[in-house]
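Biologist: Mind if I quiz you on the labels you put on this one? I'd like to hear the reasoning behind each of them.

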Amino acid sequence: GMMGGMGGMMGSAMGAKAPPPSLPLPLLFSLTNGKDLGAGDKMLKRRAFSFVSGETKGEIHLGGYDPAAIEGDMFMTPCISTHDYSVVAMSLKYGSTDLIKFKPSVAKGAQYVPAIMDSGTSCLVMPDSDLGGKLTVSPFSTWKSAVGNVDAPETQESFFLNIAGREFEIPYHIWYLSDTNQSCVQKAPPGFPGLLVGDVFFRRYLVLFDLERYPEEVVIGIGLHNPSYSLLRYYGESEVIPKLSADKVQSLNITNAPPGYTKNPAIASDRIPLYNQFQTQYFINVSIGTPRQNFTVIFDTGSTVFGVFSYKDKLPDTIKHELPGYYFSQNLRTLPQAAAGGPVVMLQA
C-alpha cells in the first residue's frame, strides 16, 4: 500500500444502469456468476454483501449476510435509487426532539428525505437548511441548539432514525468518538437533499446490500449487531461460513421482505476482515495481478470505483495508451518519494 498506508479504494456501490463501455464492471458484478463453473469455481453465486463493524474490527460478508451476526429480525426495505444505496428516512430525532419537521404544505407521500447508507462517510450527516422550503427548520441547527457545544455536548441523548417505518437507535457512545473527543455529527454539503448515514450506524447494525435483482430492485437489510458475534482479526484469514440447512434458512426472522424473498434470502458464503481506524474509516487488504501485489484499500459503499495507486512512469506502455491524458497531469497529488517514480495515478482495476 501507499499514501500513508492506503493504496486505493474498493467501491461497492452499483453505479449507473448503463456504464460507458470504457469503464469496467463494478467490483461486485465482476465477482458474481450464478452459474456452476465447475472445479475451482470461486465466483460468488449471489450479487449481495453485508457490512458489520465493531470498535476496531469489521467484516464484509460476501453473498449475503451471516444470520449469526445479528440479534432479532432482519428488516428489509427497497432502495429508492438505482445509482446509490438510498433508503426512505421518514424522521430523525435527537432524544425527543424532532430534527426533520416537514411543512404542512408537503404532501404526506413526500414527507421523507433520502438517506444514503455510506461506509465511506464517517458520521451522521444532516442538512443545515430547510431543503428549499420543504422543512420548517434546519435539522443540524436544531441539533446544535440542543447540545450547545458540538464537541462537548451538554446533553447525551440517542439519535432515532426512522427508515421505512422502523426506528433505529444510535446511542451517544456510538456517535460521540471518545478516542478523539468529538461528535461524529456533521452538516451536509449545500444542496445535498437528505442524510448520509455513515460509520456511526454500521458500528451498531449489520447492513445487507442485495443487488440480485438489479436494476429492477435493490434491497437493503438492517439487523442489530449481535455483540457475542466475534469479528475476525484484521491480519487473520478470511473464513468460509458454514452452509445453513434448508430448514434454518426458511426459519430466519426476516421482516418487511419483498414478495417471495424469504424463500431465497441472501445468505453469505464468506467472511472478510476489515480494520476500523479511529472508528471512522475502514480498510481491507486485497491482492491483484500476477504475480500478486498487496494493497490496503478503503472500503466504500458510496463509490463504484475499485482503484489502486501506481507510479505513472512504471506503467506498461499498453496501459499508458489506454488512459486519458488527464491521468498524467503534473497537478496530481504526489508522494514524498515521487522523485523515484513520478506522480501517482489512480487506476480502475
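Biologist: Why does Ala 164 count as partly exposed?

Modeller: Its relative accessibility is 27%. Buried means under 20% relative accessible area, exposed means over 50%, and partly exposed is in between (1.4 Å probe, protein chains only). So at 27%, Ala 164 gets the middle label, partly exposed.

Some ground rules: this is a predicted model, where local features need pLDDT of at least 70, side-chain atom pairs count only at pLDDT 80 or more, and totals for chains, interfaces and linings use all residues. Residues are numbered from 1 along each chain as its sequence is written, and side-chain values use heavy atoms, with hydrogens and water left out.

Biologist: Where is Ala 164 found?

Modeller: In the loop between β9 (159-163) and β10. Helices (H or I, at least four residues) and strands (E, at least two) are DSSP runs, numbered from the N terminus. Ala 164 also has a positive phi of about 55°, though it is not a glycine. Most residues other than glycine have a negative phi.

Biologist: What makes Asn 181 exposed?

Modeller: Asn 181 has 53% relative accessibility, so it counts as exposed. Asn 181 has a positive phi of about 55° too, again without being a glycine, and sits in the loop between β11 (176-177) and β12 (182-183).

Biologist: Which peptide bond leading to Pro 215 is cis?

Modeller: The one from Tyr 214, with omega near 5°. Pro 215 belongs to the loop between β15 and β16 (219-225). Thr 290 and Pro 291 are also joined by a cis peptide bond, with omega about 0°, and Pro 291 is in the loop between β20 (281-288) and β21 (293-300).

Biologist: How do you know that Phe 49 and Phe 209 are stacked?

Modeller: Rings of Phe, Tyr and Trp (its six-membered ring) pair if their centres lie within 6.5 Å; planes under 30 degrees apart count as stacked, over 60 as edge-to-face and the rest as tilted. By this rule there are 17 aromatic pairs. Phe 49 and Phe 209 come out at 4.8 Å centre to centre with 15° between the planes, hence a stacked pair. The two lie 160 residues apart, Phe 49 in strand β2 (residues 48-53) and Phe 209 in strand β15 (residues 205-210). Both Phe 49 and Phe 209 are buried.

Biologist: And what makes Phe 168 and Phe 201 edge-to-face?

Modeller: That pair has 5.9 Å between centres and 70° between planes, which fits edge-to-face. Phe 168 is in strand β10 (residues 166-170) and Phe 201 in helix α4 (residues 199-202), so the pair ties together parts 33 residues apart in sequence.

Biologist: Why is Lys 134 said to lie over the face of Tyr 112?

Modeller: The test asks for NZ of Lys or CZ of Arg within 6 Å of the ring centre and within 35 degrees of the ring normal. Lys 134 lies at 5.4 Å from the ring centre of Tyr 112 and is listed as over its face.

Biologist: Which residues touch the most other members of the largest nonpolar core?

Modeller: Met 117, Met 126, Trp 143, Phe 159, Trp 175, Phe 201 and Phe 209, out of 65 residues. A nonpolar core is a set of buried Ala, Val, Leu, Ile, Met, Phe, Trp, Tyr and Cys residues joined through side-chain atoms within 4.5 Å. Strand β5 gives the most to this core, with four residues. Another core, of 16 residues, lies apart from it and includes Val 52 and Tyr 261.
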